[in-house]
Amino acid sequence: MTTMTADGHIRVSRQDGVMTVMFNRPEKKNALTHAMYEAMIEALQSAESDAQVRALCFRGAGGCFTSGNDLKDFLGNPPSDAESPVMRFLHAIIDARKPLVAAVQGPAIGIGTTMLLHCDVVIAAPDATFQMPFTKLALCPEAGSSYLLPKVVGATRALSLLLTSQTIDADTAAQWGLVSELVSATDFDAEVEARLSVLAALPPEAVRTTKALVRDPMREALHAAVDREAAQFLQRLMSAEAAEAMQAFLERRPPDFSRFE
Ligand code: COA
């Protein structure tokens with residue numbers, strides 16, 4: 001069974017115990033809009049309440065995972081409070097009880113990378129790349145990444161990734177622990193499906209208990225980190241630095257931060 005949002009930008013399918021949430025906006029590199037976050041929240045809630053769903057997998061259409069938040073949507077309609085779709089999505093992935101899987105091909109940028117920290121299995125193709133260009137956009141870490149990233153890759157690498165906005169390739173991401181497993185590009189769909197079938201066939205309560213034992217001790221701190229980051233992120237988003245950064249992106253020119261103190 002497959003359902004789509006009215007604009008077709010999120011496609012949700014269920015098969016053999018797996019719900020797949022596909023970012024389906026390839027013409028914009030699957031940049032995530034408020035409407036897409038709403039659909040993702042709905043999918044997460046539906047997966048949690050449907051006993052037939054044993055795992056949820058995030059994927060991107062067109063050879064790209066996601067280029068992160070839609071910068072135009074973000075500027076025009078900033079996530080101003082805890083009720084904004086992106087904030088509710090972040091709290092929902094922290095609270096997910098069922099295993100979350102991500103299957104990454106091509107670029108995973110911004111929240112495209114930070115959401116992976118909440119996924120329990122991250123499968124990547126060799127062409128996957130990972131970047132958190134927050135400083136480049138005059139923003140700051142989000143999605144609990146200021147808390148989780150140092151735990152996953154170590155403080156030194158976390159700071160380097162977050163401060164320099166550098167892009168890392170799939171091999172590096174796997175070595176650093178951001179990716180659980182690299183699989184071949186040619187058989188990507190089959191490889192992902194094989195791993196999802198194994199996960200979906202496991203005893204569900206044992207799977208949920210295992211996830212809870214690892215994730216629950218961090219849950220409260222993570223919700224707090226998301227809120228702490230959001231307050232700073234919103235201020236950054238409204239800043240003149242961010243306006244310059246985003247305008248430059250949309251105008252396809254290099255940003256000029258020389259006038260800022
Ligand atoms: N928000 C809004 N639009 C985006 C976007 C985003 N995050 N990412 C890509 N797009 C749009 C581009 O503006 C372009 O639109 P246009 O065809 O109407 O001009 C289209 O998607 C294709 O992107 P383009 O940059 O031409 O593709 P590319 O293959 O050269 O580069 C990326 C792909 C993903 C590397 C590049 O688009 C990029 O860096 N995007 C921004 C990522 C980002 O900063 N995300 C926010 C993190 S907080």
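Helix α5 (residues 145-153) and helix α6 (residues 155-164) have axes that come within 7 Å and cross at roughly 130°, where axes are lines fitted to C-alpha atoms over the stretch in contact and angles run from 0 to 180 degrees between N-to-C directions. Because angles under 35 degrees count as roughly parallel, over 145 as roughly antiparallel, 65 to 115 as roughly perpendicular and the rest as oblique, α5 is oblique to α6. The contact (heavy atoms within 4.5 Å) is made by Ser145, Leu149, Pro150 and Val153 of α5 together with Ala155, Arg157, Ala158, Leu161 and Leu162 of α6; these residues divide into seven nonpolar, one polar and one charged.

This is a predicted model, in which local features need pLDDT of at least 70 and side-chain atom pairs count only at pLDDT 80 or more, while totals for chains, interfaces and linings use all residues. Residues are numbered from 1 along each chain, and side-chain values use heavy atoms, with hydrogens and water left out.

The largest pocket (an open set of points on a 1 Å grid where a 1.4 Å probe fits, with protein on both sides within 12 Å along at least five of seven lines) holds about 830 Å³ of space. Of its 32 lining residues, Ser67, Asn69, Leu71, Phe249 and Leu250 are the closest to its centre, lining residues being those with an atom within 4 Å of a point. Helix α10 gives the most to this lining, with five residues, and the lining as a whole divides into 17 nonpolar, five polar and ten charged residues.

The second largest pocket has a volume of about 420 Å³, and of the 17 residues that line this pocket, Ser13, Gln15, Thr20, Glu193 and Leu196 lie nearest its centre.

Technical notes:
Points joined across faces, edges and corners; volume = space filled by probe spheres on them. Helix = DSSP H or I, 4+ residues; strand = E, 2+ residues; numbered from the N terminus. Nonpolar A, V, L, I, M, F, W, Y, C, P; charged D, E, K, R; others polar.
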